[in-house]
Amino acid sequence: MRDVYVAGIGITSFTRLEYPLVEIAAYPGLMAMRESGIKSIDQLYVANMGAARVNHQSGLASAVVDNLSLTPAGAETIENGPASGASAIKQGFLAVASGMHDTVMVIGAERMREVNNLEATDFVATLTHPMAEYIYGVTLPSLAGMFARLYMEKYGVTSRHLAMVAVKNHKHAMDNFYAHLHEEITLEGILDSPDASTNNPIVADPLRYYDMCPVSDGGACLILTTADLAKKTGKPMVRLAGVGQATDTHAVHDRKDPTDLLAVREAAKKSFAMAGVKPADVHVAELHDAFTILEIVESEEAGFFERGQGHVALQEGYTRIGGKLPINPSGGLKAKGHPVGATGVGQAHEIVLQLWSEAGKRQVKNAKVGFTCNFGGFGNNVVCLTFIREG
Amino acid sequence: MERNIYAYKCKRCGHVQYPYRTICRNCHENDHNEFDIVPLPKKGKLLTFTHLFNPPSDFSTVFLSLGIVELEDGSRITGQLSIERPTIGMHVRANVEVVRKDEYNQYYGMVFYEA
């Protein structure tokens with residue numbers, strides 16, 4: 001296999017965007033081409049989860065490749081739930097590594113705010129098992145609520161710890177121009193004050209409003225290429241060194257230990273093994289905190305902390321910018337936003353920015369090894385990526 | 001008539017799975033449809049639960065209580081709860097009722113009550 005490098009990146013704001021999905025996909029592509037000087041590609045992969053359902057548009061990649069005037073390059077749409085983004089990066093990696101293509105563009109794009117919040121939540125709930133979960137009214141927030149309750153009881157995690165994830169990630173997002181939420185929050189405001197129950201109502205007990213990510217529109221792009229072509233861009237050499245994917249049962253109740261995120265553990269292990277690094281070598285990570293509890297548990301399952309110690313590390317400031325292992329310097333899904341199909345590409349965008357030392361005020365010092373965890377379904381399909389800066 | 005939710009018992013190894021899978025998760029040996037259809041027990045223990053305050057639009061209630069229950073035979077199921085103050089580990093019993101209605105269909109599933 002050939003080594004695969006990042007040649008260019010691009011992103012839109014993650015927020016409510018008032019322009020068509022195809023353009024949400026095209027702008028980050030344009031940004032990445034402009035930045036890298038790359039004007040033609042061999043193949044485009046577009047990660048998207050809901051265009052056919054939410055935006056009444058199918059065959060998104062064909063529309064995007066034409067919009068960017070990149071025809072006759074190949075183009076495919078990749079749908080893998082909320083892990084579509086990292087899955088598309090995986091396809092791009094395989095295309096370049098195999099020698100089939102030299103330059104591949106990976107775009108993630110989603111426009112969820114075209115419908116109201118209930119419809120968006122229902123669209124995401126179609127990920128659940130149709131007969132064993134969906135018919136009961138199960139949504140992703142409710143799965144997260146049931147998961148959190150059990151996990152909190154088992155490991156002594158409290159609502160306070162969950163709120164600390166939100167406070168940290170909102171703070172990180174303050175320095176991210178592209179983040180959805182530029183709103184600094186405090187434990188006082190969302191937990192302790194008399195107004196807290198109004199500011200932060202329960203949504204899926206024990207999870208509250210500020211334990212959940214917003215519903216976002218947004219797009220992100222990564223151009224992947226060979227070592228020779230990447231050198232020409234003049235950017236620091238960042239290699240996509242590890243790609244790991246794993247799955248778990250479709251229905252959450254089927255898992256032997258319902259507090260396990262087995263697919264995260266396996267995907268992370270594969271990604272680290274391929275990259276030849278250990279969790280302790282990682283300097284910066286973007287984890288899939290669609291719900292605050294997930295950042296804590298994923299940080300354990302990825303191998304950064306012992307089981308049951310993720311919330312302790314959080315409390316001690318380990319995971320904030322300036323700590324030993326900053327997690328979600330972009331603001332994470334919690335505050336940067338979660339345009340489902342674009343999220344995995346957005347995470348990779350942040351890691352590349354960090355490894356290029358171009359993250360501005362939220363820069364993690366001397367970041368050389370970065371990690372992303374993109375979590376699909378309620379942990380039934382997970383893709384983890386490891387990036388290494390060379391030189 | 002008493003309604004049931006049915007699980008799938010592998011004809012080769014006896015493992016009971018719910019929901020349906022084409023291949024048995026335990027022995028991986030069976031061919032298509034080599035299952036006996038068996039009713040799931042209706043008594044069990046509540047493993048975890050949530051009260052969902054933004055239920056999907058098919059539901060007209062203010063909140064929806066959902067839980068995962070470990071049934072007497074060790075199999076597990078997700079269901080709705082009709083219990084005012086659920087606690088982890090409490091004993092529950094199920095009734096099979098309409099759990100969701102939309103424009104065209106109604107769906108039956110397990111609703112759990114305090115045992």
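Colleague: Which residue just after α3(A) takes a positive phi?

Modeller: This is a predicted model, in which local features need pLDDT of at least 70, side-chain atom pairs count only at pLDDT 80 or more, and totals for chains, interfaces and linings use all residues. Residues are numbered from 1 along each chain as its sequence is written, chains are lettered from A in the order in which they are written, and side-chain values use heavy atoms, with hydrogens and water left out. Helices (H or I, at least four residues) and strands (E, at least two) are DSSP runs numbered from the N terminus. Just after α3(A), a positive phi of about 50° is taken by Ser69(A).

Colleague: Why do the buried residues of α3(A) line one face of the helix?

Modeller: In α3 (residues 60–67) of chain A, the buried residues (under 20% relative accessible area, 1.4 Å probe, protein chains only) are Leu60(A), Ala61(A), Val64(A) and Val65(A). Seen down the axis of α3(A), with directions taken from the helix axis to the C-beta atoms, these buried residues line one face because they fall within an arc of 125°.

Colleague: Against which elements of chain A do the buried residues of α3(A) pack?

Modeller: Contact here means heavy atoms within 4.5 Å. On that basis the buried residues of α3(A) pack against α1 (21–36), β2 (43–47), β3 (74–78) and β4 (103–111) of chain A.

Colleague: How many helices and strands are there in chain B?

Modeller: From the N terminus on, the elements of chain B run β-β-β-β-β-β-β-β, and buried residues make up 44% of its 115 residues. The count for chain B is therefore 0 helices and 8 strands, by the DSSP runs.

Colleague: What area do chain B and chain A bury between them?

Modeller: The contact takes 32 residues from chain B and 31 residues from chain A, and Arg76(B), Thr78(B) and Arg100(B) supply 21% of the area that chain B buries against chain A, more than any other three residues. Buried area is the accessible area (1.4 Å probe) that two parts lose on being put together, summed over both. With 61% of it on carbon and sulfur atoms, the area is about 2700 Å².

Colleague: Which residue of chain A forms a salt bridge with Arg21(B)?

Modeller: A salt bridge is a side-chain nitrogen of Lys or Arg within 4 Å of a carboxyl oxygen of Asp or Glu, and across the interface of chain B and chain A the rule finds 2. For Arg21(B), the closest N and O atoms are 2.8 Å apart, and the partner is Asp254(A).

Methods: Buried means under 20% relative accessible area, exposed over 50%, partly exposed in between (1.4 Å probe, protein chains only).
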